[in-house]
Amino acid sequence: MIMNSQKLRAAIDKGAIDAPYSAVGPASIDLTLGSTFYVAKKPSILNRLLGRVGFVQPGRGIGPNMRPLLNEVVLQPGDTCICAAHEWISLPDWLVGEIRLKSTAGRCFLGHQLAVWIDPGFVGRITLELVNNNRYQPIKLRAGDSVAQLILDTMDRTDTPYRGRYQGDNGPRQAKAVHDAT
């Protein structure tokens, strides 16, 4: 069952989420952007013409295809970036989470891509994969902007809580290789 505002505030009190009460809505907790953005670099026209375009390689950390920016980023149409949510999450083995974009961000054509599920037992800061889907205008993002909502749902306790490769992340993290557990 999806947790209501009273149960969400109780989850904050128990340390499941490091968020202020003011972030609690009727059925979700607002998540804000952290201060470090990693923006995917676009290859130069010459490199594209010469076929020297690199591939995304899981397991290479943030890697050479991403450039860090602090406190704010301007996403041009089609640009992508990753940024960790500011809030620290520590889900017990009986809670699952789901990330949804806030409607205001969606109306600006900001998109949150793909990774929306948080397993029971996850501890860390959630990495958000953001894209400017507006074909004509840039989108400016700043640390502290509220762009997503965390929905928590209760379940029976699991005997296999999350202990995966992103456990304990404290900032944005590019993909790790499937075989890389560090």
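Let's start towards the end of the chain: Ala 175 sits in the segment after strand S12, which spans 146–154. With a relative accessibility of 35%, Ala 175 counts as partly exposed, because that value falls between the 20% and 50% limits. Ala 175 and Arg 165 are 10 residues apart in sequence, and their C-alpha atoms are 9.6 Å apart in space. Please keep in mind that this is a predicted model.

**The chain as a whole**

The protein chain has 182 residues, and 37% of them are buried. Its secondary structure comes to 3 helices and 12 strands. Among contacts with a separation of 6 or more, 78% join residues 24 or more positions apart. The chain exposes about 10,400 Å², of which carbon and sulfur atoms supply 55%.

**The nonpolar core**

Which residues have the most contacts inside the largest nonpolar core? They are Ile 17, Leu 141 and Leu 152, in a core of 37 residues. The elements giving two or more residues to this core are helix H1 (5–13), strand S1 (29–40), S3, strand S4 (80–85), strand S6 (95–101), strand S10 (127–132), S11 and S12. S1 gives the most, with 5 residues.

Ile 17 is a good residue to click on in the viewer. Leaving out residues up to four places away in sequence, Ile 17 touches Ala 11, Ile 12, Ile 29, Trp 88, Ile 89, Leu 91, Leu 150 and Leu 152. Leu 152, in that list of partners, is itself one of the residues with the most contacts inside the core.

**Strand S11 and its partner**

Leu 141 belongs to strand S11, which covers residues 139–142. In a regular strand the side chains alternate between the two faces of the sheet. S11 shows such an alternation: Ile 139 and Leu 141 point to one face and are buried, whereas Lys 140 and Arg 142 point to the other face and are not buried. S11 pairs with strand S3 (residues 72–75) in the antiparallel sense, over 4 bridges. Within this pairing, Leu 75 stands opposite Ile 139. Both S3 and S11 are among the elements that give two or more residues to the core.

**A buried histidine**

His 112 is found in strand S7, residues 110–112. Is His 112 buried or exposed? His 112 is buried, because its relative accessible area is 14%, which is under the 20% limit. The side chain of His 112 makes a polar contact of 3.4 Å with the side chain of Glu 129. Beyond residues up to four places away in sequence, His 112 touches Ile 99, Leu 101, Leu 128, Glu 129 and Leu 130. Glu 129 therefore appears both as the polar partner and in the list of residues that His 112 touches, while His 112 itself counts as buried.

**An aromatic pair**

The structure holds 1 aromatic pair. Phe 122 and Tyr 162 form this pair, which is tilted, with 5.8 Å from centre to centre and 55° between the planes. The pair links distant parts of the chain: Phe 122 lies in the loop between strand S8 (117–118) and strand S9 (123–124), Tyr 162 lies in the segment after S12, and the two are 40 residues apart. Both Phe 122 and Tyr 162 are buried.

**Positive phi in two loops**

Most residues other than glycine have a negative phi, and most peptide bonds are trans. Two residues to look at in this respect are listed here.

| Residue | Phi | Loop | Relative accessibility |
|---|---|---|---|
| Asn 71 | about 70° | between strand S2 (66–70) and S3 | 48%, partly exposed |
| Phe 109 | about 70° | between helix H3 (103–107) and S7 | 46%, partly exposed |

Asn 71 has a positive phi although it is not a glycine, and the description also holds for Phe 109.

**An exposed leucine**

Leu 70 lies in strand S2. What is the relative accessible area of Leu 70? The value is 60%, so Leu 70 counts as exposed, the limit being over 50%. Leaving aside neighbours within four places in sequence, Leu 70 is in contact with Ser 35 and Thr 36. Leu 70 and Thr 36 are 34 residues apart in sequence, yet 4.8 Å apart in space from C-alpha to C-alpha.

Technical notes. Residues are numbered from 1 along each chain as its sequence is written. This is a predicted model: local features need pLDDT of at least 70, side-chain atom pairs count only at pLDDT 80 or more; totals for chains, interfaces and linings use all residues. Side-chain values use heavy atoms; hydrogens and water are left out. Buried means under 20% relative accessible area, exposed over 50%, partly exposed in between (1.4 Å probe, protein chains only). Two strands pair if DSSP finds at least two bridges between them. A polar contact is a pair of N or O atoms within 3.5 Å; within protein, one must be able to donate a hydrogen and the other to accept it, and residues adjacent in sequence count only if both atoms are side-chain atoms. Contact means heavy atoms within 4.5 Å. Rings of Phe, Tyr and Trp (its six-membered ring) pair if their centres lie within 6.5 Å; planes under 30 degrees apart count as stacked, over 60 as edge-to-face and the rest as tilted. Accessible areas come from the Shrake-Rupley method with a 1.4 Å probe; for residues, only the protein chains shown count as cover. A nonpolar core is a set of buried Ala, Val, Leu, Ile, Met, Phe, Trp, Tyr and Cys residues joined through side-chain atoms within 4.5 Å.
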